[in-house]
Amino acid sequence: MLSNRFQKRVLQGLISVWLLSSFLFITWGLTPDDHFFLVLRFEKWLALNAVGVSVAVSTYVFQTLTHSRILTPSIMGLDAIYLLISLVIISVLGTGSYLAMNAIHLFLMNSLVMIGFALLIFGGLILRFHRDMNRLLLIGIVIGLLVQALNEFLGRMISPEDFVVFQGAAFARFDQLDRQVLWIAVVVLAVCLGLVWRLHAVLDIFRLGRNHVINLGIAYVPMTCLFLMLVAALVSVSTALVGPILFFGLLVVALVQQCFPDGKSGYHLLLVAIVGALILVAGQTLFEHVLSMKATLSVVIEVIGGSVFFMLLLKRGRQ
Amino acid sequence: MIQIQNVSFDRAGKNILDVTELTLEAKQTIALIGPNGAGKSTLLSLMARLLPLQTGQIRYDYLDISSTSSRVMARKVGILQQHSHFMSRLTVQDLLLYARYPYHKGRPTADDHKVVEQMLAYFELLTFRTTFLDELSGGQRQMALVAMVFCQGTDYILLDEPLNNLDMYHARHLMTTLRRAIVDWNKTIVVVLHDINYASLYADQIVALKQGRIVFKGPPDQVLTPDSIKALYGVEVDIIEHQGKRLSLHF
């Protein structure tokens, strides 16, 4: 068995690496006098951490609720909804209005629509089909496909210039963040994460399965709804902040569970949070400063995360 | 005392359980027997609140399961189910401590640890305390799960086919341990059993279900007759007396 001391060491090690890469990310090539750039970098760093932690933690919670290791909340069509919102605005109001839209309004609208949609889908499906995970997954994917088809249809209707703007929104981006939006998002995410942390003992029981949850005196339906709301808020707000991230959460959670299968939820939550933040911060440092690439980190993460997803599927298939 | 009144359960438009009246005395071992699909597990799931009641009432010492809070019920009745698939990789000790959740709500106290120690010792699991469940044999694992239910500290314990997949030694060991534990810890146990002989040897009361209805109920030495078993399972058997207990020869 892994001793507590070993678990602590791992956590300390990860935190040190995270601190180091954070320091590098913010200060690389800058002197203390470059106030303006330092603040800009700090804000970007904040966004990276908030999104990394939120997406990883929400995936962990979602997998616990659905008792499955291959599900991720974003697979259920949330990202498609996000794109649909952008597309609808672009095609109805035009690119000019889309780009000129008040960032806070856009952010709030995106968040609320996605939270509403997520609650509808997750809540309806999990509470009704809690025994039939395959059906849940299938329905989620079908809805995702439906919205995607709608997106493609709308994408064909708009002009090529509009489409370029739309494509910019299709991958997560960590630059050009609106300051106010960032702070609103960070506060909302921090509150949700705090709540999840407070409930980590309940998550432990949820990992035993639904029947144990009921047997051990936790009100199953209200507690599931609370967790779903937190997941929906975490995913929606992160997506509204930077754009869709599909496989990142899955990547982080799979990594942590592969390396530390016998931790409790509290420890797992800390691990996925720190690994999530670390991958984004370290990756962005590497991309921006070392490789001086303009390419978005999220594209690379999606490729790696997607491959991990396939590996998990294949592994499950063979068992 | 467990009182079950007018409990019926439909699934997909088909009635699979209909119990008008069943009262089970406390401090006893009650065996639920019956052919496959008789509604035994459904009844047990309803009693454990795992399935919502569609009609009727179930009360434990006048605590009605539909109007009593989940937290209070979790200290009154606990269930051991046939198969548990856990997402976490757990040690025996962790598992037992989780069963104290209704008391500690995630922050185990010295009392909770004491109960866990007691049960580890009682169910002979001390040497396995830091062993992961997936490293245990089937018999040891089942014993750990039984210890888990006892850790929950409820007056009533429901066991759904605890002898499934256990060999002769482990099945008997589990039943003798259970019988001892019922006396030592003052429990009332309702257990689904497939082997009538285990029911006859270890139960104080037998409740027989068929097609969702109670066929007979009573102490084993009164209700186990060739006729009653024929009516229940549709199998001709010989009943013999052995050391004051009735045994059925159904091979």
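Residues 2-236 of chain B, in this predicted model, have end C-alpha atoms that lie 33 Å apart. Helix makes up 37% of this span and strand 25%. UniProt, in an unreviewed entry, lists residues 2-236 of chain B under "domain: ABC transporter". Confidence in chain B is given by a mean pLDDT of 92, with 100% of its residues at 70 or more. For the model, the scores are ipTM 0.92 and pTM 0.89.

**Sheet in chain B**

An open sheet of six strands is found in chain B, with the order 6-7-8-3-9-10 and mixed pairing. Strand 6 and strand 10 (213-218) of chain B occupy the edges; each has a single partner strand, so one side of each lacks a neighbour in the sheet. On average, neighbouring strands of this sheet are turned by 15° against each other, direction ignored. At one edge, strand 6 of chain B pairs with strand 7 (residues 156-160) of chain B in the parallel sense, over four bridges. Within these strands, B:Val77 stands opposite B:Tyr156 of strand 7.

**Contact between chains A and B**

Chain B contributes 24 residues to the contact and chain A contributes 18 residues. On the side of chain B that touches chain A, the elements giving two or more residues are helix 2 (70-73), strand 6 (77-80) and helix 4 (101-104) of chain B. Helix 2 of chain B gives the most, with three residues. The classes of the residues on this side of chain B are tabulated below.

| Class, side of chain B touching chain A | Number of residues |
|---|---|
| Nonpolar | 11 residues |
| Polar | nine residues |
| Charged | four residues |

Strand 6 of chain B thus appears both at an edge of the sheet and among the elements that touch chain A.

Notes: Residues are numbered from 1 along each chain as its sequence is written. Chains are lettered from A and ligands numbered from 1 in the order in which they are written. This is a predicted model: local features need pLDDT of at least 70, side-chain atom pairs count only at pLDDT 80 or more; totals for chains, interfaces and linings use all residues. Two residues are in contact if their C-beta atoms, placed from the backbone, lie within 7 Å. Ala, Val, Leu, Ile, Met, Phe, Trp, Tyr, Cys and Pro count as nonpolar, Asp, Glu, Lys and Arg as charged, and the others, Gly among them, as polar. pLDDT is the predictor's confidence in each residue, from 0 to 100. UniProt positions are given in the numbering used here, feature names are shortened, and annotations may be inferred rather than shown by experiment. Two strands pair if DSSP finds at least two bridges between them. Axes are lines fitted to C-alpha atoms, for helices over the stretch in contact, and angles run from 0 to 180 degrees between N-to-C directions.
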